[in-house]
Amino acid sequence: MLCKTRSTPRKLAPESIMSESTSKPVLSIQDLVVEFKTEAGLIRALDGVSFEVQEGEALGIVGESGCGKSVTALSILKLIPSPPGRIAGGSIELDGVDVVSQPDAEMRKVRGSLASMIFQEPMTALNPVFTIGNQMVEIIRVHQKVSKAEAKKQAIEMLRTVNIESPEQRIDQYPHELSGGMRQRVMIAMALSCSPKLLIADEPTTALDVTVQAQVMEEISRLQREMNMGLILITHDLGVIAESCTRVVVMYCGKIIEMAETEELFRNPRHPYTRGLLDSIPRIREKKLETLPIIEGMVPDLANLPKGCRFADRCPKAEDHCRENEPPLEDTESGGKVACFIPN
Amino acid sequence: MEEPLVQVKNLKTHYPIKGGLLNRPIGAVKAVNGVSLDIQAGQTFGLVGESGCGKSTFGRSILRLQHVTSGEVQINGKDILSLDRQELVKARADMQIIFQDPYGSLNPRMTIRQIVREPLDTHKIGERADRDAEVMRLLEICGLRRSVADRYPHEFSGGQRQRIGIARALALKPKFIVADEPVSALDVSVQSQVLNLISNLQKEFGISFLFISHDLAVVQHISHEVGVMYFGELVERAPAEELYAAPKHPYTQALLKAIPQPDPGREKEHVSLTGDIPSHNDPPKGCPFQPRCPVAKPECAESKPPLKPVDVEETSSKHQVACWLY
């Protein structure tokens, strides 16, 4: 096992492998509403978001900037800066723990041990004035009653798990001495050092070069399988999702507009926005196109949302009633969900 | 064939590494280390590479926004590197740049009208009274409403700001524009809008572009010719269709393979590249790619392969690669 000792023993691998057939959600979000006070007034960054992540499942959340995907991630760990933000409604249950009502002191225990997070920019997420060993030991000792020497041993083991070469030397280096890909590996090692049940990766490879991105994504997927963790992968890159997730949630303006198994979503996108998003991905084509397919217009301002469907203004299929009423998220016959009056 | 609009020969841009007791130069970061290329009028050259490969330094160097160590740059018949200050300012009317960061490249205290008008004022283009009308025309070309003119940059989204940056670059009717990662900071749906705008502008005004990007998929759409840069040097260049259909250099092949494909059924190819870009403090011997190369041979560590045409039989003579395999 990765962590040799732990203060709160938890059921480990053998059972979780068996439980695959009767998987239970490690995360369950119901009707989550998050509001922010801004100069432009009160805005709803999340407006009634519900989804679940099963044990060992990799869920992708995709959407453009401002759609609420990062706010969702931060809410799960109760990291929404408050003020100006607050969880205004709904519930978040993380492995049986009700996150919304949890006091801050308790949340500290939850973060890292039940769920942890990897951020986009590893340089800003790591503290530049401490060695990576220092930072890793600190995390381990918050969650486990172990000596510094023992914690350091665990940290070195963890660095080895994420395929960092010569971890005994690396552990005494500072973040600036490492390359971007290496830093992100260190972040992953830190996030996994207490074997969380859920890993939230918020654009983990966006700041990396494509060859390094591929290596880091492979690492995340491998560890997720080996540790049977739930994974939430937040990204704007549908290519990354296609390669590492089993299910996808598509968000637009603070709402889920489509949810489906990955293959189903890519083969048969139901929402016009999902279709537009898939079409506009720059991809290597055998024959160059004259013009790239686009989604007209731009994401509306959250402080000034249109009445009715939030995508109606950009939607090629929108009809009058789309601009009047908001479509609910409803089940599709293929097992997914879509929020559209005229789905494809 | 016509004389190319842009000709760069053996361009080098080195930054000194200072150190020691007297802070004297003890080495050099060879950011751009002998790159040659040419761009025909009305065509786009796509320059691809990972961060730190020198692609942005190259773009800035040929516009002389950056001190150049040695080499030759001809743009529109002018020898850019030998121009004096005044001549350079004049020559800049023909060559413009669009930056990556649409947030950092517009002055937050200027209105859009002032931003787009500034180059016209600096270069005293047209009558003073006509310049505002010209600004409106430029905004319209770039797909912006006239009403944006009196607003400030912070009121706009990334995609719109990039359009403003493009309008400003077009103001002087340049013949050549360096576009340095112009869509990297934008959302995918907006990316394609800006890419389409750039190709339309090229068709309409016959502008040549040096399009710098880390994304091979973006570059394919926009380029006539593509060059792949690694560690300060071009390792492969070819007409766009050829580069994507038959990449020669192991690095180009790895780059193409590493792009995540939006196709969940596809058998995932294993990542063949390990490790990172080498350090300038301790450059590898021989071919700079050899430490990461999956097909490196012992001789690759001995001497550096030159950029030379690959087998003319099966490919066009414009396809060049720097690799001992060919």
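## The sheet in chain B

In chain B, 8 strands (DSSP runs of E, at least two residues, numbered from the N terminus) make up an open, mixed sheet in the order S6-S7-S8-S3-S9-S10-S12-S11. Two strands count as paired if DSSP finds at least two bridges between them. Strand S6 (95-98) and strand S11 (308-309) of chain B each have a single partner strand and stand at the edges, so one side of each is left without a neighbour in the sheet.

This is a predicted model, where local features need pLDDT of at least 70 and side-chain atom pairs count only at pLDDT 80 or more, while totals for chains, interfaces and linings use all residues. Residues are numbered from 1 along each chain as its sequence is written, and chains are lettered from A and ligands numbered from 1 in the order in which they are written.

## A pair to look at

Strands of a sheet pair through backbone hydrogen bonds, either parallel or antiparallel. S10 (residues 233-239) and S12 (residues 320-321) of chain B are antiparallel, with 2 bridges. Here you can find B:Glu236 opposite B:Val321 of S12(B).

## Where the chains meet

Chain A and chain B each bring 37 residues to their contact (C-beta atoms, placed from the backbone, within 7 Å). On the side of chain A that touches chain B, at least two residues come from each of H9 (210-227), H10 (238-244), H11 (262-267) and H12 (272-280) of chain A; these are helices (DSSP runs of H or I, at least four residues). H9(A) gives the most, 6 residues.

How values were computed: Two residues are in contact if their C-beta atoms, placed from the backbone, lie within 7 Å.
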